[in-house]
Amino acid sequence: MSTWRLTFHLLAEDVPGEAWAATFRSLEPGYRAWFAQHGGTWPALDESRDALWTHMPELVPHWERLVALAGGGGDVARMLALWRPPSILTGCSQVVLTRPRSLVRNYDYDPRRFDAVVAYTALSGRRVLGMSDCLWGLLDGVNDAGLVLSLTFGGRNVTGAGFAAPLVVRYVLETCTTSTQAREVLRRLPVHMPYNFTVDDQDGDAFTAWLGPDRAAHFVTTPAATNHQGPVVEWPDYAITTGTLRRLELLRALRRAATPLDRAIDRFLQPPLYAVDYAGGFGTLYTAVYRSEARSLTLVWPGSQWQHRIGAWGPEAHTVELEGTLPGFSALR
């Protein structure tokens, strides 16, 4: 049995400034080491810039500002463009529930490679709140129009020319206000690995999108996802190790039964949805509950909660202790 102590921080700046720059300085060594460990070199700056201009032109001024805040230079610019990054394998489970309407997700990953930052921004006037990843991307989030979005790894062993999924979440929440708009954006954006995106909006229009670098986006009406795409599992070893089929069936059962939110959260804090292989890089780091109507995020752990709402923040920091370990997932990394 091991204990992992994590302190989460709130980073709330309408426009990134010194607080973001300080966070970048603290996280930059870890991101550089992560990239070096995978033996890659950042794509050429011209390629990265062209990709942003082609697919996400609205983000280019903000990318340029972040590069300047981070001290400039080609390496920093390529890192922050998040075009063709190293592979990222995660677990994760997510579902839209109805009593009351909410998106609930577990994020399963390595605590040593985790921002542990709740980020609020209003880059172009659109207010966005979510869990930071890749320095300015988001693992999940909500915007001031009530659009909610969350990602999971799609469970297929393929890579290609595309963006890191957290930047896709950022872009959708910056540019869309409805699920209809989100569908159109997800349909056209290239991703570098297979990812599942579950979306909900204020009108209750919920869906899951299966994206990948090697095939067109596919949309399903069931707003639930774990770590595979479609009825056929394409990476059996990964599926068995992470229990993706069993977890998805449990999420669907929670929806079919119209399980009340408090009872559903209890299930998210227990196996098989809750993972404890922190040493192997596959442990549940947080359970997030997003309420579209309230524009709120509540992070939940066994024994504690930390709540924020757009325009009404909770405490600036929250510390949790995560216990347990199970072998297995590290062999796939």
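Start by selecting strand β7, residues 148-153, in this predicted model. Color Val-148, Ser-150 and Thr-152 in one shade, since these point one way from the strand, and give a second shade to Leu-149, Leu-151 and Phe-153, which point the other way. In a regular strand, side chains alternate between the two faces of the sheet. Are the residues on these two sides of β7 buried or exposed? On both sides they are buried. With 6 of its 6 residues buried, β7 is largely enclosed by the rest of the structure, and that is why you may want to hide some of the surroundings to see the strand.

**The neighbors of β7**

Next, add β6, residues 137-143, to the selection. This strand runs antiparallel to β7, and 3 bridges join the two. To find one meeting point, look at Val-142, which stands opposite Val-148 in β7. Then follow the chain around the hairpin: there are 4 residues between the strands, and Gly-146 takes a positive phi near 90°.

Now select β8, residues 195-200. How many bridges pair β7 with β8? There are 6, and the pairing is again in the antiparallel sense. Click on Ser-150 and look across to Thr-198, its bridge partner in β8.

**Two enclosed spaces**

Turn on a cavity display if your viewer has one. Rolling a probe the size of a water molecule over the atoms shows where empty space is left. A search of the whole structure finds 2 cavities of 30 Å³ or more.

The largest cavity holds about 180 Å³ of space. Its lining has 20 residues; select Leu-11, Trp-20, Ala-119, Leu-135 and Trp-136 to reach the ones that lie nearest the centre. Helix α1 (18-37), β4 (117-121) and β6 (137-143) each give two or more residues to this lining. By class, the lining divides into 13 nonpolar, 4 polar and 3 charged residues.

The second largest cavity has a volume of about 60 Å³. Which residues line the second largest cavity? Select Ile-88, Thr-90, Tyr-107, Asp-133, Leu-139, Leu-151, Ala-165, Pro-166 and Tyr-195 to show the lining. You have met Leu-151 already, as one of the buried residues of β7. This lining has 7 nonpolar, 1 polar and 1 charged residues.

**An open pocket beside α1**

Move on to the second largest pocket, with about 250 Å³ of space. Of the 15 residues that line this pocket, Gly-30, Tyr-31, Trp-34, Arg-113 and Phe-114 lie nearest its centre. Helix α1 gives the most to the lining, with 7 residues. The lining is made up of 8 nonpolar, 3 polar and 4 charged residues.

**A buried helix**

Select helix α4, residues 74-81. Here 6 of the 8 residues are buried, so the helix is largely enclosed by the rest of the structure. Those buried residues are Val-76, Ala-77, Arg-78, Met-79, Leu-80 and Ala-81. Step past the end of α4 to Leu-82, where phi is positive, near 55°.

**Zooming out**

Finally, show the whole chain, with its 9 helices and 16 strands. The radius of gyration is 18 Å, close to the 20 Å that the globule rule gives for 333 residues, so the chain is as compact as a globular protein of that length. Its C-alpha atoms fill a box of roughly 50 × 40 × 40 Å along the principal axes. Of the 333 residues, 60% count as buried. Among contacts between residues at least 6 apart in sequence, 67% join residues at least 24 apart.

Conventions. Residues numbered from 1 in each chain as written. Predicted model: local features only at pLDDT ≥ 70, side-chain atom pairs only at ≥ 80, totals over all residues. Heavy atoms only, no water. 1 Å grid on protein atoms, 1.4 Å probe; cavity = no way out; pocket = protein on both sides within 12 Å on 5 of 7 lines; lining within 4 Å. Points joined across faces, edges and corners; volume = space filled by probe spheres on them. Nonpolar A, V, L, I, M, F, W, Y, C, P; charged D, E, K, R; others polar. Buried < 20%, exposed > 50% of the residue type's maximum accessible area, 1.4 Å probe, protein only. Pairing = 2+ DSSP bridges. Rg over C-alpha atoms; globule rule 2.2 N^0.38 Å. Contact = heavy atoms within 4.5 Å.
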